[in-house]
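Biologist: I would like to learn how to read contacts in a model of this kind. Could you take me through it feature by feature?

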Number of protein chains: 2
Amino acid sequence: MTAHVFDIKGLKTSCQNCSLAELCLPLGLDQVDVDRLDEIVRRARPMNAGDHLFRTGDAFRSLYAVRAGSVKVYSLDADGEEQILGFHLPGELLGMDAISGKAHACSAKVLETTSVCEIPFERLQELSLRLPSLQSQLFRLLSQEIIHDEAMLLVLGKKPAEERLATFLLSLSERFHRRGFSATEFNLSMSRHDIGNYLGLAVETVSRLFRRFQDDGLLEVQRKHILITDLPRLRAMVHMCDHAEQGTAH
Amino acid sequence: MTAHVFDIKGLKTSCQNCSLAELCLPLGLDQVDVDRLDEIVRRARPMNAGDHLFRTGDAFRSLYAVRAGSVKVYSLDADGEEQILGFHLPGELLGMDAISGKAHACSAKVLETTSVCEIPFERLQELSLRLPSLQSQLFRLLSQEIIHDEAMLLVLGKKPAEERLATFLLSLSERFHRRGFSATEFNLSMSRHDIGNYLGLAVETVSRLFRRFQDDGLLEVQRKHILITDLPRLRAMVHMCDHAEQGTAH
DNA sequence: CGCAATATTGACCACTCTCAATGAGGGTGG
DNA sequence: CCACCCTCATTGAGAGTGGTCAATATTGCG
């Protein structure tokens, strides 16, 4: 078992990936606890773009933590129309909306080569009965997911297209930055279509906004590649004082 | 202490109100556990329309369960613009988005004469370490809140005004019905302005839609009073197969 | 009884969607 | 290695849903 743990550590330091343990480290779990956590986590093979982590209707068994790559979570309504609920980057947890049911209500699709940790929820729940700070962290993570969704409700309910895209770019920027990447230069793993879908906009609108932002000197866009050239002004567009988003964000 | 419990029971049976214990009853807690739960719940005085349960920035200490009346939860963005995140009816829990922080990120305002139970979260958390099914139920409730918010994301992101209002009315209908009230006749405790705000629509649009629905024979509206005259057709408009919403819904 | 807040209704306008055409990459097979 | 194709992205023109502004009702409350 110890070998197992060391193995994980190697992974951790080598490629910025994560596990639930990592999500919980800030919370004062001691090393023994972290090891116990690591024991229940299944480290999955890398997946390819287009693969599904789970689909609507699949039995719910586990949460997933993204270690590398990115995942989009979406639901389909009665008409078969897709609504993207979030994009998950390394260090973020997903699948929490399935806890209250027996089956997943959403689907999760991998956007690029991605590796995830699978965390069997039953065992996590048992373990958290014995580790108060784990229980506490789980409540916190669930709550953060709520906060994220509520922030999106504000965006979709009140903000014009321009501000929606700015908010989206800033969210990515912050999340990359938190993971030790550049806050101003990154690649989008999702298509324009996906961005539009997520933000409640048509693809064409997204495209036009990218052009406008570029013309306004806010950023340089080349296909999937984004270079933010005026972060302060982008922030000013959003005008926001909220700070949600910490470990589970989309 | 037993007297206390009896006291609560009297309340419960007399006026359809709720407590956390009630939310947890379906889950196989035995009577002793329920009593323990009841012990930590503070039964608050009734509040008047316009009163705040909590405001943005207030220290987070408790969750609240609505026993009678209704509550709107909203956040303010940087511009001071309000976004209503949900309406809570009797039997529903609120405040869960504050768990991950020290302070409330939203405000909760009472829409009419309302009574709530206050549930100190610290104590709830401690108790749930000893009662696995309580822990499990809490996870479930958090998760349902996420599901509700995600359903709203679909509505705000993809649905036209007409369908938004239909969805809203059906949600109220189901929730009243679940509580033993009529599914087709009820009073709106919130203003047109609030409805529009919640649904991402202008007040005027809401007003026009009520008229159209009435002209189309879907319902009869008289100010706050709603009589749904063609529930099946209202359902058809929404076309939905989702069934979320169980204890915490808005 | 009268003022203030809320709701309704109408006219106009704008943001964004839809439709349609063009252009650019990326992968596959010849 | 290039040609082809298919998907994705961009760009333009026109249309429509829903927002804004403004005036008028209605209700509730002091």
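**Reading the interfaces**

Biologist: How many residue pairs are in polar contact between chain B and chain A?

Modeller: There are 18 such pairs between chain B and chain A, with both residues at pLDDT 80 or more. A polar contact is a pair of N or O atoms within 3.5 Å; within protein, one must be able to donate a hydrogen and the other to accept it, and residues adjacent in sequence count only if both atoms are side-chain atoms.

Biologist: Which elements of chain B supply at least two residues each to the side that touches chain A?

Modeller: They are β5 (82-88), α4 (121-130) and α5 (132-158) of chain B. With 20 residues, α5(B) gives the most to that side. By type, the side of chain B that touches chain A divides into 20 nonpolar, 12 polar and 11 charged residues. Elements are DSSP runs numbered from the N terminus: helices are H or I with at least four residues, strands are E with at least two. For the types, Ala, Val, Leu, Ile, Met, Phe, Trp, Tyr, Cys and Pro count as nonpolar, Asp, Glu, Lys and Arg as charged, and the others, Gly among them, as polar.

Biologist: What conventions apply here?

Modeller: This is a predicted model: local features need pLDDT of at least 70, side-chain atom pairs count only at pLDDT 80 or more, and totals for chains, interfaces and linings use all residues. Residues are numbered from 1 along each chain as its sequence is written, chains are lettered from A and ligands numbered from 1 in the order in which they are written, and side-chain values use heavy atoms, with hydrogens and water left out.

Biologist: How many residues of chain B are in contact with chain A, and what area is buried?

Modeller: Contact means heavy atoms within 4.5 Å. On that basis, 43 residues of chain B are in contact with 43 residues of chain A. The area buried between chain B and chain A is about 4,200 Å², and carbon and sulfur atoms give 62% of that. F139(B), L153(B) and K158(B) lose the most area to chain A in chain B, together 17% of what that side buries. Buried area is the accessible area (1.4 Å probe) that two parts lose on being put together, summed over both.

Biologist: How are the two copies related?

Modeller: Two copies of a chain are related by a rotation about an axis and a shift along it. Here, a turn of 180 degrees and a shift of 0.0 Å along the axis lay chain B on chain A with an RMSD of 0.0 Å. That is the relation of a two-fold axis. The copies meet through the same surface, because 100% of the interface residues of chain B are also interface residues in chain A.

Biologist: And salt bridges?

Modeller: Side chains of opposite charge can pair when their charged atoms come close. The cut-off is a side-chain nitrogen of Lys or Arg within 4 Å of a carboxyl oxygen of Asp or Glu. Over all chains, the structure holds 18 salt bridges. Between chain B and chain A the count is 4. K159(A) pairs with D77(B), their closest N and O atoms being 2.3 Å apart.

Biologist: Which side chain meets K72(A) in a salt bridge?

Modeller: That of D194(A), at 3.1 Å from N to O. This pair links distant parts of the chain: K72(A) is in strand β4 (residues 71-76) of chain A and D194(A) in helix α7 of chain A, 122 residues apart.

Biologist: Now the DNA. Which residues are closest to DNA strand D?

Modeller: S207(A), R211(A), R223(A), A161(B) and T205(B), out of 18 that surround the strand. A residue is near a strand if one of its heavy atoms lies within 4 Å of it. Of the atoms of DNA strand D within 4 Å of the protein, 66% belong to sugar or phosphate and the rest to bases. The side chain of S207(A) has an N or O atom 2.5 Å from a phosphate oxygen of DNA strand D. R208(B) reaches a base: a side-chain N or O atom is 3.1 Å from a base oxygen of DNA strand D. Two or more residues each come from α7 (192-199) and α8 (203-215) of chain A and from α8 (203-215) of chain B. The most, 4 residues, come from α8(A).

Biologist: What about DNA strand C?

Modeller: Of 18 residues around DNA strand C, A161(A), T205(A), S207(B), R208(B) and R211(B) come nearest. A phosphate oxygen of DNA strand C is 2.2 Å from an N or O atom in the side chain of T205(A). Another entry is a backbone one: a polar backbone atom of A161(A) is 2.6 Å from a phosphate oxygen of DNA strand C. With 4 residues, α8(B) gives the most to the surface near DNA strand C. That surface divides into 4 nonpolar, 5 polar and 9 charged residues.

Notes:
Copies are superposed by least squares on the C-alpha atoms of residues with pLDDT of at least 70 in both.
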